[in-house]
Amino acid sequence: MAAPEQAQQILMDDLRSQLKGELITAEDPGYDEARQVFFKGIDRRPLAVARVASADDVARVVTTARESELELAVRSGGHSRAGYGTSEGGLVIDLSGMKELEIDAGNKTAWIETGITAGEYTVATGERGLVTGLGDTGSVGIGGITLAGGIGFLVRKNGLTIDDLLAADVVTADGEVVRVSEESEPDLFWAIRGGENNFGIATRFQLRLHEISEIVGGMLILPATPEAITGFVEAAQDAPEGLSAIGNVMLAPPMPFIPEAAHGKPVLMGLFAYVGPVDQGEAVIAPFRALGEPYADMVRPIRYPALYEGEGPEPRFASGTNFFADSLEPAAAEAILDQLPQSSAPMKAIQLRVLGGALARVRNDATAFAHRDRGLFVNVAAMYMDAGEKNTHDAWVNDLANSLGKDGAGGYVGFLGEEDEETLRAAYPGGTWERLRGLKRRYDPDNLFRLNHNVPPADG
Ligand SMILES: Cc1cc2nc3c(=O)[nH]c(=O)nc-3n(C[C@H](O)[C@H](O)[C@H](O)COP(=O)(O)OP(=O)(O)OC[C@H]3O[C@@H](n4cnc5c(N)ncnc54)[C@H](O)[C@@H]3O)c2cc1C
C-alpha cells in the first residue's frame, strides 16, 4: 500500500488529469498566490487549489473530496471573514476563473458564472444601462454575496440580491448539477437564498437586471455628533424608497478630500444611491446635508457603476459582529461616539444601513434570509494587521454591539465570522433554522459542505 503522502500525490495527479481547469499544489510555483484570500493574514495551506473551469470540474472536485474525506472549501471572491474560502490540508474550489456573462437585454436578465466579482458584473451590465443590486464593494464575489442575501446600494429600491435571483445551477454533495428556481427544486432554491454554501456549489446564476443608468449618489462626510447619527437614520427611513443609504461612523482617515483638521476625528461617512428623477436628487439628499457642515460632499449625478470605483482598505484580519434592529436611540449614538476612540484597531467602523422598501415587501419565510421585517442593519467592525490582537478587537466589537442593543438579536450571515451555533440559529429566525436543517439532511446528510456558517443536518 502507498504511504499516505504518496497516496495523496496519486489522488491529486488523478484529479488534475480529469480537470479542464488547473490544480495547484504546494510544489507548483503559483501555490502561495493561489492559497491567498482577501484577508491576507489568513495563512492556511490547502492540499490543493482547484481553479475550476466548468460545473463538471466542480463536480469532480466535490466527488474527490467526498470519497477521500478531505475538507472542502469553496471560494468565489474570497471575502469570508472566517476564511471559509481556504482550508488547512483540504481541497479548495476556486471559482474566480469562471466569469462568463451572457446578458439578455430584451428580457432584462443575465446568466453569469459565479466567479465574477460585484464590480466586474456591474461594469459589464452597466454599459448596457442595466444593473442588479449587490453590495458596497466591487471586489466581493457574486458567489458569496448572493448566497448570503446581498444587502447593497439598491436594497430599498429593488430588495436584496436574492430578490433578483431567478435561477441557479448548483452542484450538490453527490456531484450532480441541478437547475434550481421557483419551478425546479423549489426547496433548494429557497435554501440557497440566504443559506450560503450549506446545500451546494453554485456555478451559474440567472439574475434580473433593472434599467438604471444615471443616479444621484456618492459620499457625504459629516462631523459625527449624536444628533447627526440618529438624524441620518431617521432621514434615510423617511426618504423615498428610491434612496438607499449607508452610514459609516468612523474616525476620519487621512484622505486628501477630508480637511486635515478633521483627520482622526469621528465622522459620519454617508454613501448614497438615489434611483429616481435626477432633478429630484437635490431635495432627497438635502435632509442629510442639513445634519452638519459637511467635510466633503461628493454626492452628484453619476453613472451607477461609478459607485464601485476606487479601492477600499486591505486589512489582514477583521473582527466583527452585526444585528438587525428597528431604530437607533440617542443613547446608542452616544455609545458609538464614546466607544469608537477606545478601539486600538487601525480601522474601525459602525455601519448603519436603513432597510425597508422592496426588501420588506417579500415575506419573511419566502427565502432563507428572514430579517425582512427589521428596519435597520447595524454592523460593527475592527480591521487590524496583527493576529495576536484578535481577542482585544473581538471584545471591543462585541461590547459595543451589546451596548447598542444587540442582546441576542439575529445577524446577517454575510458579515459573520466563525460563530457558535446560538449565533447561527439567531441568524435564521422563526422556522428558518429548522427548515434549513431538514433540507440539509435531504441534500447534504453527511455535511460535506461544513466549512461555512454550518447548518447541521436534522437528526434522523
Ligand atoms: C470589504 C467587504 C465588504 C462587504 N460588503 C458587503 C455588502 O455591502 N453587502 C453584503 O451583503 N455583504 C457584504 N460583504 C459580505 C460578503 O457578501 C460576504 O462575506 C460574502 O460571503 C463574500 O463572498 P465572496 O465570494 O467574496 O467570499 P468567499 O470567501 O469566496 O465566499 C464566502 C462564503 O460563500 C461560499 N461561496 C462562495 N462562492 C460560492 C459558490 N459559488 N457556491 C457556493 N458557495 C460559495 C464560500 O464557501 C464561503 O463560505 C462584504 C465583505 C467584505 C469583506
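This briefing covers the ligand site, the aromatic pairs, the charges over rings and one buried aspartate. The model is predicted. In it, 31 residues surround the ligand, and the structure holds 14 aromatic pairs. D169, in strand 8, is described last.

**Ligand site**

- Of the 31 residues that surround the ligand, the closest are V74, S76, D136, I151 and Y412.
- S76 has a backbone N or O atom 2.7 Å from an oxygen atom of the ligand.
- For Y412, a polar side-chain atom lies 2.7 Å from an oxygen atom of the ligand.
- T114 places a polar side-chain atom 3.4 Å from a nitrogen atom of the ligand.
- On its own the ligand has 950 Å² of accessible area, and the protein covers 94% of this.
- At least two residues of the shell around the ligand come from each of strand 3 (72-75), helix 5 (142-148) and strand 10 (201-208).
- Helix 5 supplies the largest share of that shell, four residues.

**Aromatic pairs**

- Among the 14 aromatic pairs of the structure is the edge-to-face pair of F272 and F288, with 4.8 Å centre to centre and 65° between the planes.
- F272 belongs to strand 14 (residues 266-274) and F288 to helix 9 (residues 281-289), so their pair ties together parts that are 16 residues apart in sequence.
- F272 has a relative accessible area of 0% and is buried; F288 counts as buried at 0% relative accessibility.
- Y304 and Y308 also form an edge-to-face pair, at 6.5 Å centre to centre and with 70° between the planes.
- Y304 counts as buried at 0% relative accessibility, and Y308 is buried with a relative accessible area of 10%.
- F324, F369, F377, Y412 and F415 are linked into a cluster by ring pairs. Y412 is also one of the residues closest to the ligand.

**Charges over rings**

- R193 lies over the face of F189, 3.8 Å from the ring centre.
- R435 has its charged end over the ring of W190, at 3.9 Å from the centre of that ring.

**D169**

- D169 is part of strand 8, which spans residues 165-171.
- Its relative accessible area is 10%, so D169 is buried, the cut-off being under 20%.
- A polar contact of 2.5 Å joins the side chain of D169 to the side chain of R179.
- Leaving aside neighbours within four places in sequence, D169 is in contact with W111, V177, V178, R179, I201, A202, T203 and R204.

Definitions and conventions: Residues numbered from 1 in each chain as written. Predicted model: local features only at pLDDT ≥ 70, side-chain atom pairs only at ≥ 80, totals over all residues. Heavy atoms only, no water. Buried < 20%, exposed > 50% of the residue type's maximum accessible area, 1.4 Å probe, protein only. Polar contact = N/O pair within 3.5 Å; in protein donor to acceptor, adjacent residues only side chain to side chain. Contact = heavy atoms within 4.5 Å. Phe/Tyr/Trp six-rings, centres within 6.5 Å; stacked < 30°, edge-to-face > 60°. Lys NZ or Arg CZ within 6 Å of the ring centre and 35° of its normal. Near = heavy atom within 4 Å. Areas by Shrake-Rupley, 256 points an atom, 1.4 Å probe, with all protein chains shown as cover.
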